[in-house]
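Subject: Structure handover

Hello,

Here is the structure I promised to pass on. Please open it alongside this note.

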Amino acid sequence: YALQFVRRVEMAFAEYSCSTEYLSDLVTGGPGRWSPYFRALYHFEAAISQLYLAYDSARKKLGRNYFARGDGSDLDRLNKVYNASKHQTASAEQTLWITNDGVCADDASISFIELEELLRSYARIANCITNQDPESKDA
């Protein structure tokens, strides 16, 4: 379980990094370019998925919930955005989208700042599991 948690946190960081690169390309590349937007959105979805699955595996292993459904916490909203992505319908509606502040679904949103805080928090746990110095460049 510990290795699975570390792997998912590592992949959440990798996906978030890709998403920000495509988002930067979108913002600096001028209007009318959909490809960077869709790529950024894909990688944000993947980062959110990996981050939520890291949480969920830890929750199951420890037998403890860290949020209550509907409590409005960052984990509750991460769960809602993850579920919106996971259960996309076949309709033409866009289930998730990117705003200036973060990633949104119909009933929830999570800001970039909150995602980054969750990533840092989970990285500290992963570093403890792997006995790495959190200040290390390889961490």
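Below are my notes on the sheet, the helices and one pocket.

Please keep in mind that this is a predicted model.

The sheet

The sheet is open and has 3 strands. Their order is β1-β2-β3, and the pairing is antiparallel. β1 (97-98) and β3 (109-111) are the edge strands, each pairing on one side only. Strand β2 covers residues 102-104. β1 and β2 are joined over 2 bridges in the antiparallel sense. To find your way in, look for I98, which stands opposite V103 in β2.

Helices over the sheet

Two helices are worth viewing against these strands. Helix α3, residues 74-86, lies across β2 and β3. Its direction makes an angle of about 120 degrees with β3. Helix α4, residues 112-130, lies across β1, β2 and β3. The angle between α4 and β3 is about 70 degrees.

Helix α2

α2 has 28 residues. The rise is 1.5 Å a residue, and the expected span takes one less than the number of residues. That is why α2 should span 40 Å. The C-alpha atoms at its ends are 41 Å apart, which agrees. Just after α2 comes G63, with a positive phi of about 65 degrees.

The second largest pocket

How much space lies in the second largest pocket? The volume comes to about 260 Å³. Its lining has 13 residues. F5, Y55, A58, L62 and I125 lie nearest the centre of this pocket.

Which helices supply the lining of the second largest pocket? α1 (2-28), α2 (35-62) and α4 each give at least two residues. α2 provides the largest share, with 5 residues. α4 therefore appears twice in these notes: it lies across the three-strand sheet, and it also supplies part of this lining.

By class, the lining has 11 nonpolar residues, 1 polar and 1 charged.

Best wishes

Definitions and conventions: Residues are numbered from 1 along each chain as its sequence is written. This is a predicted model: local features need pLDDT of at least 70, side-chain atom pairs count only at pLDDT 80 or more; totals for chains, interfaces and linings use all residues. Side-chain values use heavy atoms; hydrogens and water are left out. Two strands pair if DSSP finds at least two bridges between them. Helices (H or I, at least four residues) and strands (E, at least two) are DSSP runs, numbered from the N terminus. Contact means heavy atoms within 4.5 Å. Axes are lines fitted to C-alpha atoms, for helices over the stretch in contact, and angles run from 0 to 180 degrees between N-to-C directions. On a 1 Å grid over the protein atoms alone, a cavity is a set of points where a 1.4 Å probe fits but cannot get out, and a pocket is an open set with protein on both sides within 12 Å along at least five of seven lines; lining residues have an atom within 4 Å of a point. Grid points are joined across faces, edges and corners, and a volume is the space filled by probe spheres set on the points. Ala, Val, Leu, Ile, Met, Phe, Trp, Tyr, Cys and Pro count as nonpolar, Asp, Glu, Lys and Arg as charged, and the others, Gly among them, as polar.
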